[in-house]
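Biologist: I've got this one open in front of me. Take me through it, and show your reasoning as you go.

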Amino acid sequence: MARYYATGGTLLGMKAAWLAALAVTVIGCASKPVASPAPPQTRDQQAKPQESLYEQLHSAFFQVDATVQSLSGAADVAQGMEGRAKGDLIPQIRDVVAALNYNGGLLQELAGGDAPNESDVAKDAAKFAKLREDLAKNLNLTLKDVREMLPFISDLALNGPPNLRADAVKLVSSLEGAVDDLLGALHALGAAEDGKQDEPDTADTNQKPPPGFTTG
């Protein structure tokens with residue numbers, strides 16, 4: 001009998017312990033916070049990546065067209081200055097003309113035609129993403145070149161030969177307009193402007209004309 005009660009007592013104890021554990025589990029589960037549903041996405045968030053890419057390229061093509069015109073106008077002014085320059089100024093101004101024509105021609109090649117339509121971008125998003133990348137890279141390289149020209153041309157406008165000063169003033173204005181156009185094109189692409197201009201140039205030199213700009 002003692003053994004029976006001992007066994008029966010053990011079973012009752014196990015049952016009580018099981019019920020207590022079950023209660024703790026139920027209470028613990030009930031106390032867990034219920035995750036709130038995620039807020040619905042906005043229309044912009046629901047937009048497909050290729051739709052955003054299309055909008056960026058469509059806007060950037062118009063900005064690049066304005067940039068190419070600015071660079072072309074600046075090259076014309078600089079070429080007129082080259083014809084009247086003397087001595088060491090001749091190769092320096094020639095370098096400016098070459099760089100303006102090179103960068104303008106490259107941008108024209110990348111984005112000089114009609115902007116891609118939405119269906120074209122949707123069919124080959126990878127191709128147009130590469131175009132966006134190349135365009136942003138070359139816009140930044142052109143921006144760097146134009147900014148490097150400005151101190152030299154500004155010095156000519158103030159201290160250069162009298163027969164070059166008036167055109168140098170015009171050229172400064174043209175180059176400043178080109179900077180604005182380049183920044184506008186980068187903004188349209190959703191691309192960032194490269195780092196500070198006094199940082200070393202690590203770009204591929206095959207993509208740029210030989211350096212030749214000086215400030216005096």
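**Salt bridges, helices and core**

Biologist: How far apart, N to O, are the side chains of D167 and K170 in their salt bridge?

Modeller: Ground rules first: this is a predicted model, where local features need pLDDT of at least 70, side-chain atom pairs count only at pLDDT 80 or more, and totals for chains, interfaces and linings use all residues. Residues are numbered from 1 along each chain as its sequence is written, and side-chain values use heavy atoms, leaving out hydrogens and water. A salt bridge means a side-chain nitrogen of Lys or Arg within 4 Å of a carboxyl oxygen of Asp or Glu. For D167 and K170, the N to O distance is 3.9 Å.

Biologist: Which helix holds both D167 and K170?

Modeller: Helices here are DSSP runs (H or I, at least four residues; strands are E, at least two), numbered from the N terminus. An α-helix has 3.6 residues a turn, so residues three or four places apart point the same way. D167 and K170 are 3 residues apart, about one helical turn, in α7 (residues 162–189).

Biologist: Is D167 buried or exposed?

Modeller: Buried means under 20% relative accessible area, exposed over 50%, and partly exposed in between (1.4 Å probe, protein chains only). K170, at 52%, is exposed. D167 has 16%, which means it's buried.

Biologist: Which residue is linked with D167 and K170 in a network of salt bridges?

Modeller: By the salt-bridge rule, the count comes to 6. D167 and K170 belong to a network, and the residue linked with them there is R84.

Biologist: Where is the kink in α7 centred?

Modeller: End to end, α7 has 28 residues and reaches 41 Å from first C-alpha to last, close to the 40 Å expected at 1.5 Å a residue. That expected span is 1.5 Å times one less than the number of residues. The bend at a residue is the angle between axes fitted to the seven residues ending there and the seven starting there. In α7 there's a kink of about 25 degrees, and its centre is A168.

Biologist: What residue with a positive phi follows α7?

Modeller: Phi there is near 70 degrees. The residue is G190.

Biologist: Which residue pairs with E82 in a salt bridge?

Modeller: Side chains of opposite charge can pair when their charged atoms come close. The closest N and O atoms are 2.9 Å apart between E82 and R94. E82 lies in α3 (residues 49–84) and R94 in α4 (residues 89–111), so the pair ties together parts 12 residues apart in sequence. E82 is buried at 17%, and its partner, partly exposed at 43%, is R94.

Biologist: How far apart are the closest N and O atoms of E148 and K144?

Modeller: Both residues sit in α6 (residues 125–159), 4 residues apart, about one turn of the helix. E148 is partly exposed at 31%, while K144 is buried at 14%. Their closest N and O atoms are separated by 2.5 Å.

Biologist: Which residue's side chain makes a polar contact with that of N103?

Modeller: N103 is found in α4 and counts as buried at 4%. A polar contact is a pair of N or O atoms within 3.5 Å; within protein, one must be able to donate a hydrogen and the other to accept it, and residues adjacent in sequence count only if both atoms are side-chain atoms. At 3.0 Å, the partner of N103 is D145.

Biologist: How many residues does the largest nonpolar core have?

Modeller: A nonpolar core is a set of buried Ala, Val, Leu, Ile, Met, Phe, Trp, Tyr and Cys residues joined through side-chain atoms within 4.5 Å. In the largest one, those with the most contacts inside it are L100, L139, I153 and L175. Helices α3, α4, α6 and α7 each supply at least two of its residues. The core's residue count is 49.

Biologist: How far apart in space, C-alpha to C-alpha, are A136 and A191?

Modeller: A136 is in α6 and buried at 10%. Contact means heavy atoms within 4.5 Å, and leaving aside neighbours within four places in sequence, A136 is in contact with L186, L189 and A191. A136 and A191 are 55 residues apart in sequence, but their C-alpha distance is 6.3 Å.

Biologist: How many helices does the protein chain have?

Modeller: From the N terminus on, the elements run α-α-α-α-α-α-α. Strands number 0, and the helix count is 7.
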